[in-house]
Amino acid sequence: MTNPATDYSADQRLTPLKERITTSARRAGRKPGDIRLIAVSKTFGADAVEPFLAAGQRIYGENRVQEAADKWPALRQRYLDVELHLVGQLQSNKVEDAVSLFDVIHSLDRASLAEALAKAMAKLNRRVPCFIQVNVGEEPQKGGVPLSELGSLLALTKKLDIPVVGLMAVPPVNLEPAPFFALLRKLAVRHGLDRLSMGMSGDFEAAIEQGATDIRVGSALFGAR
Ligand SMILES: *Cc1c(COP(=O)(O)O)cnc(C)c1O
């Protein structure tokens, strides 16, 4: 893991970021309080995360189960109200660990994973809210359910009684993200889902204008990886 940068304080990063969130929310006629900031701390160790905890940031995102399992249990003993989100792809053999460690999972994107999650949630007696990740750019190398299969995956999650709270997407790099955010929003409305996990350091303002409720911001807080 990278060493913590020492040339900034957590407040110096959090305060302007929150101002930008407020500004974009107001521009879109939305309440800033309706947008959750998920601080994506992947690749940064506990030393880098701790100042953000001390500054009051409580929602964090990780993209690897193992890295989160190494980093977070000790931190959570001191900050009991941390909410931990899995934002990266989830392999079926890590599902039990993910269900016991995370409070929200953003990367449910296939039937086999839905089956495994339902089984793990039943076994551990723990219902973890999930986002369904959608491959909005139809990119072969990317995670996310194909647009044509979203309806059937949602039907399966209902049958399995998985708590699905919204949709998540990562638009293609190098393309204008707003149309992809708008598409995700349209899909969520069509399927009666409330939350939209979209927007990262480079495009969260556009995502907020298109209705994001959960933005996933890493480098704008912790620095370059
Ligand atoms: C790393 C990551 C982020 C954060 O990206 P930044 O550009 O550093 O803000 C958000 N979402 C996912 C799925 C990621 O893997």
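D81 is exposed in this predicted model, because its relative accessible area is 52% and the cut-off for exposed is over 50%. Its side chain meets that of R58 in a salt bridge, with N and O 2.9 Å apart. R58 lies in the loop between α2 (46–54) and β2 (59–62), and D81 lies in the loop between α3 (65–78) and β3 (83–86), so the salt bridge ties together parts that are 23 residues apart in sequence. R58 has a relative accessibility of 24% and therefore counts as partly exposed.

Another loop-to-loop pair is formed by D161 and R127, whose closest N and O atoms are 3.2 Å apart in a salt bridge. This pair links distant parts of the chain: R127 sits in the loop between α5 (111–124) and β5 (130–133), while D161 sits in the loop between α6 (150–159) and β6 (164–168), 34 residues apart. Both D161 and R127 are exposed.

The next pair involves strands. R36 and D214 form a salt bridge through their side chains, at 3.4 Å from N to O. R36 belongs to strand β1 (residues 36–40) and D214 to strand β8 (residues 214–217), so distant parts of the chain, 178 residues apart, are linked by the pair. D214 counts as buried because its relative accessibility is 0%, whereas R36, at 29%, counts as partly exposed. Salt bridges with shared partners also bring in R195, joining R36, R195 and D214 into one network.

The pairs described here are among the 14 salt bridges that the structure holds. In general, side chains of opposite charge can pair when their charged atoms come close.

Technical notes. Residues numbered from 1 in each chain as written. Predicted model: local features only at pLDDT ≥ 70, side-chain atom pairs only at ≥ 80, totals over all residues. Heavy atoms only, no water. Salt bridge = Lys/Arg side-chain N within 4 Å of Asp/Glu carboxyl O. Helix = DSSP H or I, 4+ residues; strand = E, 2+ residues; numbered from the N terminus. Buried < 20%, exposed > 50% of the residue type's maximum accessible area, 1.4 Å probe, protein only.
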